[in-house]
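Visitor: I would like a close look at one part of this protein, and I would be glad of a careful, connected account that starts from one pairing and works outwards.

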Amino acid sequence: MTLGQWLHGKPRPDAPGAIRRARAYELFSAVSFAGRRRRIFGRLVTLAGVAPGDRVLDLGCGPGYLTALAARAAAPGGHALGIDPSGPMIEQARRLRAGVRCSFELGRAEAIEAPEGSVDVVLSSLAIHHIPEGVRGAAFAEMYRVLRPGGRLLIADFRPPRGRLGRHLVGATAGEVMRDNPVERIAPMATTAGFESVTTSRVGVFLHCVRAIKPDR
Ligand SMILES: C[S@@+](CC[C@H](N)C(=O)[O-])C[C@H]1O[C@@H](n2cnc3c(N)ncnc32)[C@H](O)[C@@H]1O
């Protein structure tokens with residue numbers, strides 16, 4: 001069994017990509033960024049252009065680290081909501097990071113419970129590869145629906161190493177879903193959903209980022 005499989009626990013039919021071992025994931029996340037988690041996630045918030053007053057939605061929020069940073073950047077006046085299909089993740093996020101301007105709810109990226117045009121910024125880190133392939137297109141359509149015209153999207157996902165040793169290590173620990181993660185498909189999915197100004201960049205060694213805007217018309 002890989003670490004990835006262990007973190008997931010028994011797959012749930014309605015959310016097969018949900019991670020159940022929330023405390024272990026929080027520890028794994030803190031350790032694997034080797035002291036750079038604050039800087040890297042802070043960079044994502046900056047790239048998304050989160051500003052005071054923004055309503056931010058973080059999809060696949062896990063224990064809520066990025067959500068909390070976004071909430072801080074959206075103050076005063078703004079709010080960040082993190083959603084995740086894993087009950088243990090939402091409990092952990094609430095315990096560690098919920099506040100007046102930062103909240104967490106159960107939910108799935110492919111069926112977001114938010115009105116059309118009600119969000120200024122949609123964020124997602126390390127979660128796209130957890131959404132079942134068959135509903136990833138629906139998830140991008142949902143991101144588009146909930147954003148206001150002119151709203152911003154920032155997706156960051158794991159960019160597998162190219163070298164043989166790195167690939168072997170990732171495959172043996174995290175599993176083949178991460179080793180073979182097709183991050184180059186994220187930008188085309190955003191374009192298909194209707195987003196414009198789609199650009200890609202790299203943050204840190206392992207994050208592939210896609211930024212896009214919902215047309216303002
Ligand atoms: C690797 S964790 C990333 C957590 C957090 N965003 C971070 O960067 O640390 C991926 C998260 O995606 C969640 N997830 C799985 N399926 C999902 C879905 N269909 N929609 C939204 N999130 C999902 C998992 O439960 C897990 O918490």
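Which residue in E7 does serine 201 stand opposite?

Guide: Serine 201 stands opposite cysteine 209 in E7. Before going further, please keep in mind that this is a predicted model, in which local features need pLDDT of at least 70 and side-chain atom pairs count only at pLDDT 80 or more, whereas totals for chains, interfaces and linings use all residues. Residues are numbered from 1 along each chain as its sequence is written, and side-chain values use heavy atoms, with hydrogens and water left out.

Serine 201 belongs to strand E6; the helices (H or I, at least four residues) and strands (E, at least two) named here are DSSP runs, numbered from the N terminus. With a relative accessible area of 31%, serine 201 counts as partly exposed, a class that lies between buried (under 20%) and exposed (over 50%), judged with a 1.4 Å probe and protein chains only. Once residues up to four places away in sequence are set aside, serine 201 touches Leu47, Leu207, His208 and Cys209, where contact means heavy atoms within 4.5 Å. The C-alpha atom of serine 201 is also separated by 9.3 Å from that of alanine 156, although their positions lie 45 residues apart along the chain.

The pairing you asked about is part of a longer run: E6 (residues 196-203) and E7 are antiparallel and are joined over six bridges, and strands are said to pair if DSSP finds at least two bridges between them. Three residues separate these strands in their hairpin, where glycine 204 takes a positive phi near 65 degrees. E7 also pairs with E5, again in the antiparallel sense, over seven bridges, and there valine 210 of E7 is the bridge partner of isoleucine 155. As for its cover, E7 has five of its seven residues buried and is therefore mostly covered, given the cut-off for burial stated above.

From this sheet region we can move inwards, beginning with valine 203, which is in contact with Ile40, Arg43, Leu44, Leu47 and Cys209 when its neighbours within four places in sequence are left aside. Valine 203 is one of the residues with the most contacts inside the largest nonpolar core, which has 37 residues, and Phe41, Leu44, Val50, Val56, Leu123 and Leu207 are listed with it. Such a core is a set of buried Ala, Val, Leu, Ile, Met, Phe, Trp, Tyr and Cys residues joined through side-chain atoms within 4.5 Å. Among the elements that each supply at least two residues of this core are helix H3 (37-47), strand E5 (147-158) and strand E7 (207-213), while H4 gives the most, with six residues. Apart from this core lies another, of 25 residues, which includes Leu59, Ile83, Val119 and Met143.

H4 itself is mostly covered, with seven of its nine residues buried; these are Tyr65, Leu66, Thr67, Ala68, Leu69, Ala70 and Ala71. The buried residues of H4 pack against two helices, H3 and H5, and against strands E1 (55-59), E2 (79-84), E3 and E4. To return to where you began, serine 201 is partly exposed, whereas E7, the strand that holds its partner cysteine 209, is mostly covered.
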